[in-house]
Amino acid sequence: MFDVRFIERVLPALLDGLWITLAIAFLAFAIAVPWGLCAAILHRRGGLAAALTGGYVQLVRNTPVLIQLYLVYYGLPMAGIMLSAFACGVLVLAFQTGGYAAEIFRGSLASISVRQFEAASALGMAPFARWRHVILPQLFLRSLPALTNQAATIIKDTAQVGVIAVMDMNKVGQIWLEKSGNPFDVFIALAAVYLVVTTVVGLAGRLIERRLSFVQ
Amino acid sequence: MRSYIPGTDVAGSRWRNPAANDTAAPLSRGEFLSLAAALLVTGCSGSDSKSAATALPADASRLDIVIARDKLIVGTYSTSPPLAFINPDGELAGFEIDLARAIAKDLLGDSEKVEFVVLNAAGRFPAVLTGKIDFGLCSTSITGDRAARVAFTPPYLDTGGTVIARRDAGLTHVRQLNDPRFTYALLNNPGSIERAEQELPRAKTIVLDNPAAILLATKVGRATAFNIDRAIAHQYVADNPDLMLLDTSGTVYNHVSGNAIFLKPGDFKWWLFLSTWMNELRGGSRYAQYRTLYLRWFDKEPPPQRFYDVSRY
Amino acid sequence: MSVALENLPYLLRGAGMTVLLSVAAAVPATLAGLCMALARRRTPWLGSLLDGWLFLMRGIPLIVLLVFVYFLLPRTGLDLPPFWGVTLVLAAYYAAFMSEVFRAGFDALPNAQWEAGRSLGLSEPLLLFHVIGPQALRVALPAHLNLCASLIKGTSLASVIGLWELTLASLEVVERTLAPFPIFLSAAGIYFTICFALDRLARRLEVANG
């Protein structure tokens, strides 16, 4: 059905690209989580902060990543800022994922009873300690399933950075496809690696979830 | 069916790279609608051509089939100006379209007796091999591996990649681009990637998906230079004063390849007709027509009819 | 900003194509999603088949599927124009997610509803059409609209395989005008307007559902 020997040749090239894919996804995710958390906490304060963070979330939810990539990659040099394509990719995906993470945290935060805040301050805990010891642990636990999904999504989204000439796994695959004229086998290899990676991320998320809920 | 055309009415000013022979052919809304319409009426037109064909023996040449059908069916692109694109009136136009019409004129006596089937890069060879079209005339350059699958006529156009650079980079020759300080933008096709690896191994290369992207990347300063089809390079330079053609002498960029008509292999009669026709056009009795078309679409003189000066012999 | 205004008509035509593409994909995706959700209730072995489908769609990026189908379809002899190729992929991709949304909608209804309907002597199709269907759809609609917004954003990927729509149109205009900020922002604004409208609708329905 498919040519195993051809796939053996494609795979090493794809795995080279995979490191770029994973690096972008990891960096973007590492930026997006604290960034989304800040947005969610700000949102809770209401007023202008809530309006701004709400607007931000709507913005990322309702515009395509592709347009954001083009905007940053072609737009910033016009403003005299020359970020590498890789940095542009990380920036856009962090911005995007940050919005979704903010939504996730906002939802979890809303599910934590106000009484907990009151109880913690009644115990004389300082605001920072209150967040650190009472709210955040619960927040992360409740957000974990959705964050795991988001981590898988971000890996899939990195497949778009090829349009701004980042040599991620998908781009490497496309170049091989053009070169070999063998779309089927390239696709099988590419799809298999993506499936493995997203599945591993999903499993890892579930594992962490189980560990943490056990600790709790 | 008339509908508006993306690309031409705004762009108008400038031609798009016919994509170094290999890019995907986008489908405009106009085409989409006409294709949708074509799908709906497919029963009629399909059976039409079939009934004409069935009157002929099973091993009849495409030439006889076309004459019996009294219509030529040609595969083309629609987004590679000035070769084949949709003009502001919503009609296919371009150098390749005119060539197809000229063939119809000689074969069937009427340049209007052509039906164009818009193809994309991935679908062009299957279209001739399955007999859906009589031949393909869509920015396809002859290569050895392709020649093993389809038959080619002699080329109707010399093409090949050349290089355009930003004027402010201060380059004159392509070789100067071979430096890690410079970035070279090209499309994802094996030919241009190979040429870049061979000629500019030290330059950084970036591979983008469409002609708009490589030009844009160069104009905003993401790339120093880009690879473009020779036939239309001068048009780009004329339209963009900040860009210039680099001297390509002594490099692979000075080599040409030929764009040719391709057809299903094995049909000698059909191939002989098309090949003879093409030879006459480029170097024989129809050279005047070739020159007219060339001037019209490329705005410059075509290569001479003979490589030697005829008056001396 | 005048650059953006001048080219807005062109971008809006691109947006027309985006909407056309979205509708062409969303309608079959919804119907298929609904059928898959219903079929899963009746035939358990189909469930694992659909799970497999969902697993694939969840794990493979849309852009990979699009490029693959673009290159592979012509070879199968199935001669689809690019527009329909893209439509097919988008529909197949989102049908998987939509079936999950509809399944959740059906699952949200207590079993008693089915039993009550049956005890009234309603036939299965009647029951589905008049009792279960409307309620389940109402529950599923907000999430379904969110997926539609996601699908609209997904159509931008069609530009990568050269299908002309809003994203490719904006790239063309930027190449000509060399004004990435105003043009890409306008394009983003158009996407935003379409998707945000759907989002508001979804929120309103969510509120209406209580």
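Below, a user asks what the terms applied to this predicted model rest on, and an analyst replies.

User: What should be known about numbering and confidence?

Analyst: The model is predicted, so to speak of local features requires pLDDT of at least 70, and side-chain atom pairs count only at pLDDT 80 or more, while totals for chains, interfaces and linings use all residues. Residues are numbered from 1 along each chain as its sequence is written, chains are lettered from A and ligands numbered from 1 in the order in which they are written, and side-chain values use heavy atoms, with hydrogens and water left out.

User: How do you know how many disulfides there are?

Analyst: A disulfide is a pair of cysteine sulfur atoms within 2.5 Å. By this rule the count over all chains is 0. Cys35(C) is in none, as its nearest cysteine sulfur, that of Cys148(C), is 16 Å away. For Cys195(C) the nearest is also that of Cys148(C), at 10.0 Å, and Cys195(C) is in no disulfide.

User: Why is Cys195(C) called buried?

Analyst: Buried means under 20% relative accessible area (over 50% is exposed, in between is partly exposed; 1.4 Å probe, protein chains only). Cys195(C) has 0%, so the word buried applies.

User: What makes a set of residues a nonpolar core, and which residues have the most contacts inside the largest one?

Analyst: The set must be of buried Ala, Val, Leu, Ile, Met, Phe, Trp, Tyr and Cys residues joined through side-chain atoms within 4.5 Å. The largest has 193 residues, and Tyr74(A), Leu72(B), Phe95(B) and Phe135(B) have the most contacts inside it. Helix α4 (residues 82–107) of chain C gives the largest share, 14 residues; a helix is a DSSP run of H or I, at least four residues, numbered from the N terminus.

User: Why is this core said to lie between two domains of chain B?

Analyst: Domain 1 (8–157 + 258–312) and domain 2 (161–255) both give residues to the core, so it lies between them. The domain bounds come from an automatic or database assignment.

User: What makes Lys171(A) and Asp209(B) a salt bridge?

Analyst: The rule asks for a side-chain nitrogen of Lys or Arg within 4 Å of a carboxyl oxygen of Asp or Glu. Their closest N and O atoms are 3.5 Å apart, so the pair qualifies. Across the interface of chain B and chain A the rule finds 1 salt bridge.

User: How many salt bridges are found between chain C and chain A?

Analyst: There are 2 across that interface. Glu103(A) forms a salt bridge with Arg203(C), with the closest N and O atoms 3.8 Å apart.

Technical notes: Helix = DSSP H or I, 4+ residues; strand = E, 2+ residues; numbered from the N terminus.
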